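Please open the structure in a viewer and keep the selection panel at hand. The tour below proceeds stop by stop, stating what to select and what is found there.

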Amino acid sequence: MLWIAIAALPLYLLGIWKRPFLYVGLVPQAGYLLFRGVALGRLPLVGPHDTLTFLSAAIVAFTIPFYVLLKKPLFFRSTAVLSAVLTAFALMAKQHNTPLPPVLDTVWFELHVVLAFFSYALFGIGAIIGLTCLRERDTLGEGLQYRTILVGYCCFSFSMIFGGVWAYLAWGTYWLWTPKELWTSILWLFHTLYLHARLQSWWIGNPSVILGMTGFVIVVITYLGASLLMKSSHTL
């Protein structure tokens, strides 16, 4: 079944050249996640292999509305590069094919993880929009970046709420001050600051764009750095 996931990688690379290949690549990747979920009897969202694959597919899927809204080749090329890199790392990562442990076998965990990766995908798209704005000196895209990050922020806020419920059921407390939770707080507070700053007229433009792009750097630290390099209750 892994060959289905492998098929997405060359298509994403071809998407750097021609935009339609980006969306053709989404088909085998989404199909792989579906087949894997059916085979495992659970959402395939445990470990780097699953989560990186899911994040890559979510980024490509969320760019579909931008096909009309943002006709910028650089945006789609950057999306194809990011999706290809995430897919390559996912293919190199070990698969976790065991059933969910009891502590993760709850709908609150599934809601928490799905919304978290939806928000990561939207923050990533916001960063790519910001990159496009800076490279092409396009001020119109700045508002689109703001709205994209706002939707991602809402997803992330609900993810934190559902994660708190899951933590309470699993460990009897809504919050554990592990490095992962600490960086999660930093990520939420940073985007809260970004959204409030964007309401001030002097922040609109390049300062807001750069702040939005910086948010995705914190996403990478929270997702990969805190999970791989620090002790945490999360397994990516």
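The stops run from the nonpolar core to the salt bridges, then to individual residues in the later helices, and finally to the surface. Please bear in mind throughout that this is a predicted model.

**Stop 1. The nonpolar core**

Begin by selecting Leu-55, Phe-75, Tyr-120 and Ile-129, the residues with the most contacts inside the largest nonpolar core, which has 54 residues. Next, colour the helices that supply at least two residues each to this core: helix 1 (2-15), helix 2, helix 3 (47-62), helix 5 (73-92), helix 6 (107-136), helix 7 (141-171), helix 8 (179-198) and helix 9 (206-229). Which helix gives the most to this core? Helix 6 does, with 12 residues.

Now keep Tyr-120 selected and display its surroundings. Neighbours within four places in sequence aside, Tyr-120 is in contact with Leu-55, Phe-156, Lys-180, Leu-187, Phe-216, Val-219, Thr-222 and Tyr-223. Leu-55, another of the residues with the most contacts inside the core, thus appears again in the list of contacts of Tyr-120.

**Stop 2. The salt bridges**

How many salt bridges does a search of the whole structure find? The search finds three, and each can be visited in turn.

For one of them, select Asp-50 and Arg-36, whose side chains meet in a salt bridge with an N to O distance of 2.6 Å. Asp-50 belongs to helix 3 and Arg-36 to helix 2, so this pair ties together parts that are 14 residues apart in sequence. Are these two residues buried or exposed? Asp-50 is buried, because its relative accessibility is 0%; Arg-36 is buried as well, with a relative accessible area of 3%.

Proceed to Lys-72 and Glu-136, which form a salt bridge in which the closest N and O atoms are 3.6 Å apart. This pair links distant parts of the chain, 64 residues apart: Lys-72 sits in the loop between helix 4 (66-69) and helix 5, and Glu-136 sits in helix 6. Lys-72 counts as partly exposed, at 23% relative accessibility, and Glu-136 also counts as partly exposed, at 34%.

Then select Arg-198 and Glu-142, whose side chains meet in a salt bridge at 2.6 Å, N to O. Arg-198 lies in helix 8 and Glu-142 in helix 7, so the pair ties together parts that are 56 residues apart in sequence. Glu-142 is buried, with a relative accessible area of 5%, and Arg-198 is buried at 14%.

Before leaving, show the wider surroundings of Arg-198. With residues up to four places away in sequence not counted, Arg-198 touches Glu-142, Gly-143, Tyr-146, Trp-203, Ile-204 and Ser-208.

**Stop 3. Two threonines in helices 8 and 9**

Select Thr-192, which is located in helix 8. Thr-192 counts as buried because its relative accessibility is 16%, under the 20% cut-off. A polar atom of the Thr-192 side chain lies 2.7 Å from the backbone oxygen of Trp-188.

Move next to Thr-214, in helix 9. Thr-214 is partly exposed, with a relative accessible area of 32%. Here a polar atom of the side chain lies 2.8 Å from the backbone oxygen of Ile-210. To place Thr-214 on a wider scale, draw a C-alpha to C-alpha distance to Thr-178: the two residues are 23 Å apart in space and 36 residues apart in sequence.

**Stop 4. Gly-215**

Advance to Gly-215, likewise found in helix 9. Gly-215 is buried, with a relative accessible area of 0%. Which residues does Gly-215 touch, not counting residues up to four places away in sequence? They are Leu-187, Phe-190 and His-191. A C-alpha to C-alpha line drawn from Gly-215 to Leu-104 spans 28 Å, and these two residues are 111 residues apart in sequence.

**Stop 5. A nonpolar patch on the surface**

Finally, switch to a surface view and select Met-1, Leu-34, Phe-35 and Val-38. These residues form a nonpolar patch on the surface, and together they have about 420 Å² of accessible area. Within the patch, select Leu-34, which is found in helix 2 (residues 19-40). Leu-34 is exposed, because its relative accessible area is 55%, over the 50% cut-off.

Definitions and conventions: Residues numbered from 1 in each chain as written. Predicted model: local features only at pLDDT ≥ 70, side-chain atom pairs only at ≥ 80, totals over all residues. Heavy atoms only, no water. Patch = residues over 30% accessible without salt bridge, like charges linked within 9 Å, V, L, I, M, F, W, Y side chains within 5 Å. Areas by Shrake-Rupley, 256 points an atom, 1.4 Å probe, with all protein chains shown as cover. Salt bridge = Lys/Arg side-chain N within 4 Å of Asp/Glu carboxyl O. Helix = DSSP H or I, 4+ residues; strand = E, 2+ residues; numbered from the N terminus. Buried < 20%, exposed > 50% of the residue type's maximum accessible area, 1.4 Å probe, protein only. Core = buried A, V, L, I, M, F, W, Y, C linked by side-chain atoms within 4.5 Å. Contact = heavy atoms within 4.5 Å. Polar contact = N/O pair within 3.5 Å; in protein donor to acceptor, adjacent residues only side chain to side chain.
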